[in-house]
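Here is a short tour of one protein, meant to be read with the structure open beside it. Please take a look at the model, and then we can walk through it together.

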Amino acid sequence: MPHYPDAMPGSKSLFERAKKVMPGGNTRTTVFVDPFPIYAARGEGCRVWDVDGNVYYDCINNFTSMIHGYTHPDVAAAVVEQLPFGTAFGAPTLSEIELAELLVDRLPSVDRIRFTNSGTEGGDDGHQGRARLHRAAEDRQDRRRLPWVV
């Protein structure tokens with residue numbers, strides 16, 4: 001395994017470039033490592049290659065959003081199939097209803113689903129949502145009926 005940071009000149013160069021156009025050189029503080037983050041070039045399965053050609057096992061999986069790994073054949077095929085129809089809309093879609101129905105069917109403790117961009121949105125301001133969840137669990141009257149679900 002190459003030694004950080006000496007074996008990562010490509011990442012160092014990209015970080016210097018990024019600092020010119022992004023505060024702190026990146027868009028997320030969670031990916032920063034001192035003296036510079038390692039820049040990913042591609043992923044396959046549970047492995048990630050950096051821009052310098054080094055290979056790593058990815059135990060973070062983009063903070064669990066890549067639970068199926070990178071370029072899983074079934075996921076890639078589904079993406080390719082959807083591309084001609086569009087990938088993100090500022091309006092409701094049939095596919096979100098179908099996904100919500102699938103999740104409700106598979107999770108007996110869930111009656112309804114709300115999709116959000118982040119955990120913060122899901123619980124008003126994060127702390128408030130966690131406090132409500134905690135109170136709901138303590139009451140144990142009906143864990144499925146959380147206070148912010150309408």
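A helix here is a DSSP run of H or I with at least four residues, and helices are numbered from the N terminus. With that in hand, Ser-13 can be placed in helix α1, which covers residues 9–19. Please keep in mind that this is a predicted model.

## Overall layout

The protein has five helices and three strands. Following the sequence, these elements come in the pattern α-β-β-β-α-α-α-α. Of the 150 residues in the protein, 15% are buried.

Back in α1, Ser-13 is partly exposed, its relative accessible area being 46%. Ser-13 also gives a handy reference point for Phe-36: the two are 23 residues apart in sequence, and their C-alpha atoms are 9.4 Å apart in space.

## The three-stranded sheet

How are the three strands of the sheet ordered? The order is β1-β2-β3, and the sheet is open, with antiparallel pairing. The edge positions belong to β1 (40–44) and β3 (55–57); each has a single partner strand, so one side of each is left without a neighbour in the sheet. On average, and ignoring direction, neighbouring strands of this sheet are turned by 30 degrees against each other.

It is worth following the pairings one at a time. Between β1 and β2 (residues 47–50) there are four bridges in the antiparallel sense. Arg-42 has Trp-49 of β2 as its bridge partner, while Gly-43 stands opposite Val-48 in β2. On the other side of the pairing scheme, β2 and β3 run antiparallel and are joined by three bridges. There, Arg-47 stands opposite Tyr-57 in β3.

## Two hairpins, two glycines

Now for the connections between the strands. The hairpin of β1 and β2 has two residues between the strands, and in it Gly-45 takes a positive phi near 60 degrees. The hairpin of β2 and β3 has four residues between the strands, and here Gly-53 takes a positive phi near 90 degrees.

## A buried aspartate after the sheet

Beyond the last strand of the sheet, Asp-58 is a residue to pause at. Asp-58 sits in the loop between β3 and α2 (73–82). Is Asp-58 buried or exposed? Asp-58 is buried, and yet it has no salt bridge. The nearest side chain of opposite charge is that of Arg-28, 9.8 Å away, whereas a salt bridge would need a side-chain nitrogen of Lys or Arg within 4 Å of a carboxyl oxygen.

The side chain of Asp-58 does have a backbone atom in reach: the nitrogen of Ile-60 lies at 2.9 Å.

## Cysteines without a disulfide

How many disulfides does a search of the whole structure find? The count is zero. Cys-46 is in no disulfide, and the nearest cysteine sulfur to it, that of Cys-59, is 7.9 Å away. Seen from the other end, Cys-59 is likewise in no disulfide, with the sulfur of Cys-46 as the nearest one, at 7.9 Å. A disulfide calls for two cysteine sulfur atoms within 2.5 Å, so this pair does not qualify.

Their surroundings can be described as well. Cys-46 is partly exposed, with a relative accessible area of 40%. Cys-59 counts as exposed, because its relative accessibility is 72% and the cut-off for exposed is over 50%.

Definitions and conventions
Residues are numbered from 1 along each chain as its sequence is written. This is a predicted model: local features need pLDDT of at least 70, side-chain atom pairs count only at pLDDT 80 or more; totals for chains, interfaces and linings use all residues. Side-chain values use heavy atoms; hydrogens and water are left out. Buried means under 20% relative accessible area, exposed over 50%, partly exposed in between (1.4 Å probe, protein chains only). Two strands pair if DSSP finds at least two bridges between them. Axes are lines fitted to C-alpha atoms, for helices over the stretch in contact, and angles run from 0 to 180 degrees between N-to-C directions. Lys and Arg count as positive and Asp and Glu as negative; His and the chain ends are not counted. A polar contact is a pair of N or O atoms within 3.5 Å; within protein, one must be able to donate a hydrogen and the other to accept it, and residues adjacent in sequence count only if both atoms are side-chain atoms.
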